[in-house]
Every structure is written in structure tokens, then in C-alpha cells.
Amino acid sequence: MPGIERVSAGRTVAFARALRGEGIRAVMLFGIPRSKDARGSEADADDSAVALAIRAFREAAPDIVVLTDVCLCAYTDHGHCGVLRGDEVDNDATLDRLGSIAVAHARAGAEFVGPSSMMDHQVGAVRDALDRAGFSNVGILAYSAKLASAFYGPFREAEDSAPSFGDRAGYQIDPRRAGDALAAFARDAREGADILMVKPAMPALDLLARARERFDLPLAAYQVSGEYSMIRAAASRGWLDEPAAISESIEAIHRAGADLVLTYFARQIAAGAGAK
Ligand code: PBG
Ligand code: ZN
């Protein structure tokens, strides 16, 4: 991914301070494990890169809100978002893993966790696990309408999380099925989500606008790696005015109904890109 780097756990204190100095107010953390196995063991370890990074942020930049991605694909040796039974993802076994990962992140100090593996009832399972562990104050950013999108490619390479066989169409939402996405918002709201999210952003502005009309919860949109990389690539060839394209894309996402935008352009925006 152009312009995006991985930060080792030992550098997160310095990184947190740098982001704070740049005016960044919230971060979403993703991890890469030392080693991968079938059940993604490192994902809920108290010394995982994410757990260490959470602590570093809480200490070095306590006013930055820390959210985490709760999934298994970067931690499993097969690259799927859950544990497998045969060649299929085992939904209920995965829910237990997601709950345990969320609790590990909460223990390290995360303020919001974002279950993103797209198992059925992942929000309810994570809510239960957090409450039982005494973390009823930790919020859930629900990846509700997470589409089986072609726009996640650069992220999977950066996070080394592409599935080694098959695809994620069995658990992510079919982009042609708006009804499934709307049902997913309703289910996640019922199961205790604090924020509902749409992902990707620009290819799903219609879903964002429809969710805005139906739900009072805060809405987030994730401008994903492919959306980011397209703008970067076109700008690097002189085909787009990058700051203008950044601001138009973010404004469109807000206009459609997002209260929050997750974007890889955050540092550029904080530095004034596209400011009007
Ligand atoms: C983990 C996860 C993915 C992204 C965010 N969380 C990858 C996927 O679903 O394949 C993609 C983010 C991006 O493309 O920027 N499940
Ligand atoms: Zn995943």
C-alpha cells in the first residue's frame, strides 16, 4: 500500500506521540503476529502486537481514542476470518475466539472493539464476552455492512491476510444484496452495537444513506485500502488532484450520512490536505 507502513511494537510509543502532535484524535489498530496457526492463537495474547500498541497509545497519548479490529484472518495460517471445520468456517467456534480477542484488547485498554470477521451474531457474542469480563464500558464498532468487496486487496497484502484458498463470500455480504446489508444493521443494533459501519465507503454510499434514514446510532464508513490506493495511484500519475480528490471523497461519505470516517488519508487530512 503506497505511503502506508507497518510499525513494530517497540516503535508504537514514538508513533503515538507523533500522531498526537499531528492532531489525530482516534486510531484503529490492526496486528500482524509473530507466527500463525489454525486457530489464530496470538490474536488474544496479552503480548500481541495489538495489545502492546494499545498500551503504548494509552500511555503516550491518552487523549487518542483507541479502537481495534477484532478478526482472525491475520493470525490464522489459512487466512480465513474464523476457525475452520473442514474447509468451512465454524461460526460458533469463531464467536468464542472473537469474544476472547475483544476481552484481551479491552484488558490492554481499548475503548472500542470492532468485530470484523462477519460471523453471525458476532456483535452479541462480543458484547456478552466483554460484559462477563467486566468491560461493559468498552464500546462496539460493528462492521455491519461489510461487503465481499474487491477493494480490500492492498490491505490484505499489507496485513498479510489473504485467504490461502477460497474467498470470503461465504461470510461477507454480497454487494448485490442491499436487503442483506440493511438486515445486518438492524441485527447489530439489536445485539448491542454502539456504532454501525459500512465498508467499503464510496462503493456503498447508498447503504450509508439508507442506514442514516433508519437508525439513530452513530454511523461510520470505512474508506478502504482500494479506495485509498486508487486515489494515490491516479494522483501519482498526474491524473487527479490529490487533495481535491481526498476532500471530495470524504465529503461525499459525510453527505451520505457518516458521522465517522475511517480513512488512510487521516494524517494527510490532519495536515491540511483538502482543507477548504
Ligand atoms: C479483517 C479486515 C479486512 C479489512 C479490514 N478488516 C480485510 C478483509 O475483510 O479481507 C479491509 C480493510 C481495507 O481494505 O482497508 N477482516
Ligand atoms: Zn478477517
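**Close-up views of a predicted model**

**View 1. Helices α3 and α4 are oblique to each other.** Welcome to a model that is predicted, starting with a pair of packed helices. Two packed helices are described by the angle between their axes and the distance between those axes. For α3 and α4 the angle is about 50°, and the axes are 8 Å apart. Why do α3 and α4 count as oblique? An angle under 35 degrees would be roughly parallel, and 65 to 115 degrees would be roughly perpendicular; about 50° falls in neither range, so α3 and α4 are oblique. The crossing of α3 with α4 is right-handed. On the α3 side, the residues that meet α4 are Leu95, Leu98, Gly99, Ala102, Val103 and Ala106. Their partners in α4 are Gln122, Ala125, Val126, Ala129 and Leu130. Sorted by class, this contact has 9 nonpolar and 2 polar residues, and no charged ones.

**View 2. Here is the buried side of α4, together with what covers it.** Which residues of α4 are buried? They are Gln122, Val123, Gly124, Val126, Arg127, Ala129 and Leu130. The cover over these buried residues includes α3 (91–108), β5, β6 (139–146) and α6. As you follow the numbers, keep a simple rule in mind: an α-helix has 3.6 residues a turn, so residues three or four places apart point the same way. Just after α4 comes Gly134, with a positive phi of about 90°.

**View 3. Gly192 sits in the loop between α6 and β7.** Is Gly192 buried or partly exposed? Its relative accessibility is 25%, so Gly192 counts as partly exposed. Setting aside neighbours within four places in sequence, Gly192 is in contact with Val123 and Arg127, and both of these appear among the buried residues of α4. You can also look from Gly192 to Arg214, 22 residues away along the chain: their C-alpha atoms are separated by 16 Å.

**View 4. Helices α8 and α9 pack roughly antiparallel.** Helix α8 covers residues 225–236 and helix α9 covers residues 242–256. They pack at an angle of about 155°, with their axes 9 Å apart. Angles over 145 degrees count as roughly antiparallel, and that is why α8 and α9 earn this description. The crossing of α8 and α9 is right-handed. From α8, the contact is made by Ile231, Arg232 and Ala235, and from α9 by Glu242, Ala245 and Ser249. These residues divide into 3 nonpolar, 1 polar and 2 charged.

**View 5. Phe265 is buried in the loop between β9 (260–263) and α10 (266–270).** The relative accessible area of Phe265 is 0%. What does Phe265 touch, apart from residues up to four places away in sequence? The answer is Gln223, Tyr228, Ile231, Arg232 and Ile246. You have already met Ile231 and Arg232, on the α8 side of the contact with α9. The C-alpha atoms of Phe265 and Gly3 are 9.7 Å apart, although 262 residues separate the two along the chain.

**View 6. His78 lies in the loop between β2 (65–70) and β3 (84–85).** With a relative accessible area of 9%, His78 is buried. A polar atom of the His78 side chain lies 3.1 Å from the backbone oxygen of Ala38. Leaving out residues up to four places away in sequence, His78 touches Ala38, Leu84, Ala162, Pro163, Ser164 and Phe165.

**View 7. Finally, look at some backbone features in loops.** Most residues other than glycine have a negative phi, and most peptide bonds are trans. Met118 has a positive phi, near 65°, and lies in the loop between β5 (112–115) and α4 (122–132). At 8% relative accessibility, Met118 counts as buried. Asp160 also has a positive phi, about 55°, and is found in the loop between α5 (153–159) and α6 (178–190). Asp160 is partly exposed, with a relative accessible area of 43%. Where is a cis peptide bond? It joins Lys199 and Pro200, with omega about 0°. Pro200 belongs to the loop between β7 (195–199) and α7 (205–214).

Key:
Residues numbered from 1 in each chain as written. Chains lettered and ligands numbered in written order. Predicted model: local features only at pLDDT ≥ 70, side-chain atom pairs only at ≥ 80, totals over all residues. Heavy atoms only, no water. Helix = DSSP H or I, 4+ residues; strand = E, 2+ residues; numbered from the N terminus. Buried < 20%, exposed > 50% of the residue type's maximum accessible area, 1.4 Å probe, protein only. Polar contact = N/O pair within 3.5 Å; in protein donor to acceptor, adjacent residues only side chain to side chain. Contact = heavy atoms within 4.5 Å. Axes fitted to C-alpha atoms, helices over the stretch in contact; angles between N-to-C directions. Left-handed = near helix turned anticlockwise from the far one by under 90°. Nonpolar A, V, L, I, M, F, W, Y, C, P; charged D, E, K, R; others polar.
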